[in-house]
Amino acid sequence: MFLLLALLIGVISGLRTMTAPAAVAWGAALGWFDVSQTPLAFMGYRWTPWIFTILAVTELVADQLPSTPSRKVPMQFGARIVSGALSGAAIGAASSLLFGGLIAGVIGAVIGTYGGAAIRGRLAASFGRDLPAALIEDAVAVIGAVLIVGAVS
């Protein structure tokens, strides 16, 4: 179950890079799952969720700008993979599956990056503009992250 949740949080990273680690950090900091005895203990520190939340909100705003590059360019894609790896590893670490969670998170990030781009493109075409599709993707990412992290506990 933890590996499936790690894969799913990776998908969220593919949709919105910082939403997944923000949700995972909040879950760890609130004690929903324990990473304190793992290399990812910092995810449960008091300040970590706040930092990731600021980054996530900034990303949600920046994503609406027309100058924001595609999620599939190397820098953006790499950041999503790292985010998926971190978030998946933290979920995996909660059940002593750190490396398995890391791999599942990376796979999920690749799925979320390409799948999210395809679905958003189709939604934007059906709406005739990108903003409604972007807002739907934002909502899916945030709600999905909360549900996934809640399921870890």
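**Aromatic pairs and two buried loop residues**

In this predicted model, Phe-77 has a relative accessible area of 19%, so it counts as buried, just under the 20% cut-off. Phe-77 sits in helix H4 and takes part in one of the ring pairs, so the aromatic contacts are a handy place to start.

By the ring-centre rule, the count comes to three aromatic pairs. One of them is formed by Trp-26 and Trp-50, and the arrangement is edge-to-face, with 4.9 Å from centre to centre and 75° between the planes. Because Trp-26 belongs to helix H2 and Trp-50 to helix H3, this pair ties together parts of the chain that are 24 residues apart in sequence. As for solvent, Trp-26 is partly exposed, at a relative accessible area of 27%, while Trp-50 reaches 53% and is therefore exposed.

Phe-77 and Tyr-114 make up another pair, and this one is tilted: the centres are 5.4 Å apart and the planes meet at 55°. Here, too, distant parts of the chain are linked, with Phe-77 in helix H4 and Tyr-114 in helix H5 (residues 98-127), 37 residues apart. Within this pair, Phe-77 is buried at 19%, whereas Tyr-114 is partly exposed at 44%.

Turning to the loops, Asp-63 is found between helix H3 (48-62) and helix H4 (74-93). Its relative accessibility is 15%, so Asp-63 counts as buried. What does Asp-63 touch, once residues up to four places away in sequence are set aside? The list runs to Arg-16, Thr-68, Arg-120, Ala-134 and Asp-138. Arg-16 deserves a second look: the side chains of Asp-63 and Arg-16 are joined by a polar contact of 2.8 Å. Along the sequence these two residues are 47 places apart, yet their C-alpha atoms are 8.9 Å from each other in space.

The other loop residue is Thr-17, placed between helix H1 (2-15) and helix H2 (19-29). Thr-17 has a relative accessibility of 5% and so counts as buried. Leaving out neighbours within four places in sequence, Thr-17 is in contact with Glu-59, Ala-79, Arg-80 and Ser-83. Going by the helix limits, Glu-59 falls in helix H3 (48-62), and Ala-79, Arg-80 and Ser-83 fall in helix H4 (74-93).

Notes. Residues are numbered from 1 along each chain as its sequence is written. This is a predicted model: local features need pLDDT of at least 70, side-chain atom pairs count only at pLDDT 80 or more; totals for chains, interfaces and linings use all residues. Side-chain values use heavy atoms; hydrogens and water are left out. Helices (H or I, at least four residues) and strands (E, at least two) are DSSP runs, numbered from the N terminus. Buried means under 20% relative accessible area, exposed over 50%, partly exposed in between (1.4 Å probe, protein chains only). Contact means heavy atoms within 4.5 Å. A polar contact is a pair of N or O atoms within 3.5 Å; within protein, one must be able to donate a hydrogen and the other to accept it, and residues adjacent in sequence count only if both atoms are side-chain atoms. Rings of Phe, Tyr and Trp (its six-membered ring) pair if their centres lie within 6.5 Å; planes under 30 degrees apart count as stacked, over 60 as edge-to-face and the rest as tilted.
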